[in-house]
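I wanted a quick tour of this fold before doing anything else with it. These are my notes, in the order I looked things up.

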Amino acid sequence: MFQRAVLPAVLIGIGLAVFQQLCGINVVFNYTTIIFSSIGIPRDGQLLQTVFIGGVNLVFTLLAMVLVDRLGRKPLMLLGAGGLCVLYIVVVRMLGSGSSSVSFFLLTAIGTYALSLAPVTWVLISEIFPNRVRGAATSIAVLSLWVAYFVLIFTFPMLYEKLKDTTFYIYAFICGLGFLFILLGVKETKGKTLEELEEVMARHH
């Protein structure tokens, strides 16, 4: 995996896996009550938002399954990174003003993530590695993903305690960086066999 011809693909896979988590959306899944209680939504409303989040996540994940081979991996990933960057900025504004409309933008962010970064990252991780190192490289990428998840979930309460709603500016910045990373570093894999992809990645790097 550390050979010159292979290492770039491994680093891209790790980068995609880490970005999928550090983009920040899982704080909405895990800390729904904290976020909504900050603008005065009662507990029943918080629980209802959790139901909406699960429903939106399901619907847009199914939609992603339909679109991933039609639109391609890279366009969906760019949509996810760019869309979340913009939505997080709006969310900060909504939370700062105490507006209940923030729920709409958070649900839109969940839908954007479920349509793009959530499923498509796994597709790319399964496709971009050369055959001879696919098993080991995939394992490292998945391990990196869960380490990033731990870092995200562990740090959010501390960040939110100090920064409050502006915490989402950090995730907006990360999504901006992720957009550039995908734009410049990720090749489209739609419609290619694993053998063809290995040749494409080798030429690319």
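The entries below go from ground rules to helices, core, pocket and a few single residues.

**Ground rules.** I'm working from a predicted model, where local features need pLDDT of at least 70 and side-chain atom pairs count only at pLDDT 80 or more, while totals for chains, interfaces and linings use all residues. Residues are numbered from 1 along each chain as its sequence is written, and side-chain values use heavy atoms, with hydrogens and water left out.

**Helix H1.** My helices are DSSP runs (H or I, at least four residues), numbered from the N terminus. I checked the length of H1 to begin with: its 16 residues reach 22 Å from first C-alpha to last, close to the 22 Å expected at 1.5 Å a residue. The expected span is 1.5 Å times one less than the number of residues. Then I listed what is buried in H1, taking buried as under 20% relative accessible area, exposed as over 50% and partly exposed as in between, with a 1.4 Å probe and protein chains only. The list is Ala9, Val10, Ile12, Gly13, Leu16, Ala17, Phe19, Gln20 and Gln21. Just after H1, I found Gly24 with a positive phi of about 100°.

**Helix H6.** H6 covers residues 102-115, and its 14 residues reach 20 Å end to end by C-alpha, close to the expected 20 Å. How much of H6 is covered? Mostly: 11 of its 14 residues are buried. Among them are Val102, Leu106, Ile110 and Tyr113. I asked what these buried residues pack against, with contact meaning heavy atoms within 4.5 Å. The partners are H1, H2, H3 (32-37), H4 (43-67), H5 (73-97) and H7.

**Gln49.** This one sits in helix H4. Is Gln49 buried or exposed? It is buried, because its relative accessible area is 11%. Leaving out residues up to four places away in sequence, Gln49 touches Thr32, Phe36, Ser103 and Leu107. Ser103 and Leu107 are on my list of buried H6 residues.

**Nonpolar core.** Here a core is a set of buried Ala, Val, Leu, Ile, Met, Phe, Trp, Tyr and Cys residues joined through side-chain atoms within 4.5 Å. In the largest one, which has 61 residues, Ile25, Val28, Leu84 and Phe168 touch the most other members. H5 supplies the largest share of this core, 12 residues. I followed Phe168 further: beyond its neighbours within four places in sequence, Phe168 is in contact with Val27, Val28, Ile35, Tyr88, Val91, Val92 and Leu95.

**Helix H9.** Phe168 is also one of the buried residues of H9, along with Thr167, Tyr171, Ala172, Cys175, Gly178, Ile182 and Gly185. The length of H9 agrees with expectation, because 19 residues at 1.5 Å a residue should span 27 Å and the end C-alpha atoms are 27 Å apart.

**Leu78 and Leu180.** Leu78 lies in H5 and counts as buried because its relative accessibility is 17%. Its contacts, not counting residues up to four places away, are Gly83, Phe179, Ile182 and Leu183. Leu180, in H9, counts as partly exposed because its relative accessible area is 45%. I took the C-alpha distance between Leu180 and Leu78: 8.6 Å, with their positions 102 residues apart in sequence. As a counterpoint, Leu78 and Val51 are 27 residues apart along the chain, with their C-alpha atoms separated by 27 Å.

**Largest pocket.** On a 1 Å grid over the protein atoms alone, a pocket is an open set of points where a 1.4 Å probe fits, with protein on both sides within 12 Å along at least five of seven lines, and lining residues have an atom within 4 Å of a point. The largest pocket holds about 170 Å³ of space, a volume being the space filled by probe spheres set on points joined across faces, edges and corners. Its lining includes Gln20, Asn57, Trp122, Trp146 and Tyr149. H1, H2, H7 and H8 each give two or more residues to this lining. Which helix gives the most? H8 does, with 3 residues. By type, I count 7 nonpolar (Ala, Val, Leu, Ile, Met, Phe, Trp, Tyr, Cys and Pro), 4 polar (the others, Gly among them) and no charged (Asp, Glu, Lys and Arg).

**Lys164.** Last stop: the loop between H8 and H9 (167-185), where Lys164 is found. Phi of Lys164 is near 55°, a positive value in a residue other than glycine. Lys164 is partly exposed, at 44% relative accessibility.
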